[in-house]
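Hi everyone, thanks for making time. I'd like to walk you through one model today, so have a look at the screen and then we'll go through it piece by piece.

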There are 2 protein chains.
Amino acid sequence: MPAIKDVARRAGVSVATVSRVLNDHPSVRPDTRERVLAAVADLGYRPNAVARSLRTDQTRALGLVISDVLNPFFTELARSVEDAARELGYSVVIGNADERPELQDHHVRTLMDRRIDGLLISPTDGGSPMMQAAARAGTPMVFVDRWIEGAGLDEVPVVRTDGRAAIRDLVAHLYALGHRRLAIISGPAATTTGRERVDAFRSALREFGLVLSNDHIGQGDFQADSGRRVTARFLGLPHPPDAVFAADNLMALGAMDEIRARGLRVPDDVALAAFDDIPWFLHTDPPITAIAQPTGALGHAAVTALVDLVEGRPAESVTLSARLVTRRSCGEPEGSTP
Amino acid sequence: MPAIKDVARRAGVSVATVSRVLNDHPSVRPDTRERVLAAVADLGYRPNAVARSLRTDQTRALGLVISDVLNPFFTELARSVEDAARELGYSVVIGNADERPELQDHHVRTLMDRRIDGLLISPTDGGSPMMQAAARAGTPMVFVDRWIEGAGLDEVPVVRTDGRAAIRDLVAHLYALGHRRLAIISGPAATTTGRERVDAFRSALREFGLVLSNDHIGQGDFQADSGRRVTARFLGLPHPPDAVFAADNLMALGAMDEIRARGLRVPDDVALAAFDDIPWFLHTDPPITAIAQPTGALGHAAVTALVDLVEGRPAESVTLSARLVTRRSCGEPEGSTP
DNA sequence: CCTCCTTGTGGAATCGATTACACGGAATTG
DNA sequence: CAATTCCGTGTAATCGATTCCACAAGGAGG
């Protein structure tokens, strides 16, 4: 693989001149530029990004640490992040934490070692040491979807979706269809989205004169299995819920499995709804009512904020809003007969 | 961020000694080692991977270029690749080609610029210039799932799944359930998996005394929309097929949409099956019969082969086999009554 | 006791780029 | 016509590591 000095030799100039041509510095005579470009083409020369990074102290790469690649919400997020970054001339290096704090830490460390220009994180747990170290070291950093409070991380901008209004709409929808015993499968208490969705759900219930008993709050971990486990507990109660809201799509899937395994039907016996809408929800039996996040916009906003930080501009937190998409999993839509 | 010279100063030794401690070179006196390690801990020093890469000419990073992140098959593959690579001490940088040749080229170029140690590709098209350049430049390279013949790429090991036997099993299954007019939604002719799956399907039909008419071959592009389009054409034929086999999961989804949009039912009016099994197929209405690839093993084998190449050992092509997973989308399973 | 080898350490070259500074020659100005 | 500015280019320092070579001190062997 040719280096800059090979190009210089072939073009009969110094490496400095080659570098100037490559970074189109103004003061290079047109014919010299021509000669250099010809040499570059002849040799198929491509600048070594590693060397360039060492010298300029920037890699033009962003790190993205997500909680679970197998979750369609996150892969859609990853895709939009990559698109947005590419438009701005950055690459994205993805790390999958698999909802495991130690893996999350591994990726943050690796990304820092590789000196990525900025870090986009959707944190799995409360506050990992590496993230604090990164923040303290002044690495540009932005949280997406979930975030962490305290631990010196309060200055980190957050790009997220506010689901309160949509959750209220969902509760109204369930109420209108006659459901009164509502339950929620929440995410881990350590995650902000875990707590926030429960709070919003509880307030919405109160608005309709209902209470959310502790029996009807089950803690999951955003994975399908936990959804199944919590649902099993719900259905074993003396007064099982007649509607279950899962705080993410995978747990909804687990819930559906459990309901079906007991020979019950959705929505006739138990209504089901999920946070995070994904294409597959259209094709399940029945199609699942969900709260959709504007994933593309989320990824775009997160990259914009992070790149602002990286390039020395101030960045702001962004909150987008989610919306309810009603399908058949909570009962027949209004206006139609069963 | 502290550099090696800061550690050296604090420990009262030279940078050479610090480097020796870090790479645990034998000839360092225990107490010196101790002092260096203490300095490292005090400063929270982490070696700069960029500088190290420049000097050693290896990045300990592998590039993975996949055709479509939104396709669950590929995200599962990406996950297993990352797992396997991490175990061997490598990072993975993922590029999503989105089934677009020019994006694929962009990613190959970017990864080469970053001097990744090896390249894992599931090619989108016939033979892109950058890939040939990479192969010519001697970059270790392995194809996964799909591959390219000719163009100087014949030496590149291929890690893939052979679906012939499973496709034969599928045709037998369809035949047993009374289906005789079978159709296939194939992938792009430029991809090997596209052609291979059609060939296997055709031979299997012949085995059962059936012929695959050209009317019953529709070309898709591995995306949901194309599945829908092709299915629309099938259903508009004077003699529409009574079973449709989609060569990947997204096209199967599109097919299902179209069938349902016309008020037809799966499997009563049209049977449906797909290549690539994914968790969601359990939850669709009806659950979809599919041919499952051993995705985890595929990713693992691909990384093993690539790392062998990277570390100077010879690597071999690997072919695993797929298996049929029958569900209800082709008709009631044998032995049960409708 | 002198030589030779081993062990632990430091100095300096190196990887491939970028960029501050210097310099020669041409062009501009008074 | 001399002085000054500007333009295009080259030399060399630099980024942060690794590693070859040199060298000093200490131990072993004759």
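Okay, so let's begin with the sheet in chain B. Six strands make up an open sheet here, and if you read across it, the order goes β2-β1-β3-β4-β5-β11, with parallel pairing. And keep in mind that what we're looking at is a predicted model.

Which strands sit at the edges? Those are β2, residues 91-96, and β11, residues 318-321, both of chain B, and each of them pairs on one side only. As for how the strands sit against each other, neighbours in this sheet are turned by 20° on average, if you ignore direction.

Let's zoom in on one pair. Strand β3 of chain B, residues 118-121, pairs with strand β4 of chain B, residues 141-144, in the parallel sense, and there are three bridges between them. If you want to find one of those on screen, click on L119(B): its bridge partner in β4(B) is M141(B).

Now, the two protein chains. You can lay chain B on chain A with an RMSD of 0.1 Å, using a turn of 180° and a shift of 0.0 Å along the axis. So the two copies are related as by a two-fold rotation axis. Where does chain B come nearest to that axis? Judging by C-alpha atoms, at T284(B), 2.0 Å from the axis. And both copies use the same surface: 100% of the contact residues of chain B recur in chain A.

On to the DNA. Strand D is surrounded by 27 residues, and the closest are T32(A), I4(B), S19(B), Y45(B) and R55(B). Of the strand D atoms that come within 4 Å of the protein, 61% belong to sugar and phosphate.

Here are some individual contacts. T32(A) has a polar side-chain atom 2.4 Å from a phosphate oxygen of strand D. R20(A) goes to a base instead: a polar side-chain atom of R20(A) is 2.8 Å from a base nitrogen of strand D. With A51(B), a polar backbone atom lies 3.5 Å from a base nitrogen of strand D.

And which element gives the most to the surface near DNA strand D? That's α4(B), with five residues.

One last stop, L177(A), in the loop between α8 and β6 of chain A. Buried, exposed or in between? With 26% relative accessibility, L177(A) counts as partly exposed. Beyond its neighbours within four places in sequence, L177(A) is in contact with C330(A), G331(A) and E332(A).

That's my tour, thanks for listening!

Key:
Residues are numbered from 1 along each chain as its sequence is written. Chains are lettered from A and ligands numbered from 1 in the order in which they are written. This is a predicted model: local features need pLDDT of at least 70, side-chain atom pairs count only at pLDDT 80 or more; totals for chains, interfaces and linings use all residues. Side-chain values use heavy atoms; hydrogens and water are left out. Two strands pair if DSSP finds at least two bridges between them. Helices (H or I, at least four residues) and strands (E, at least two) are DSSP runs, numbered from the N terminus. Axes are lines fitted to C-alpha atoms, for helices over the stretch in contact, and angles run from 0 to 180 degrees between N-to-C directions. Copies are superposed by least squares on the C-alpha atoms of residues with pLDDT of at least 70 in both. Contact means heavy atoms within 4.5 Å. Buried means under 20% relative accessible area, exposed over 50%, partly exposed in between (1.4 Å probe, protein chains only). A residue is near a molecule or strand if one of its heavy atoms lies within 4 Å of it. A polar contact is a pair of N or O atoms within 3.5 Å; within protein, one must be able to donate a hydrogen and the other to accept it, and residues adjacent in sequence count only if both atoms are side-chain atoms.
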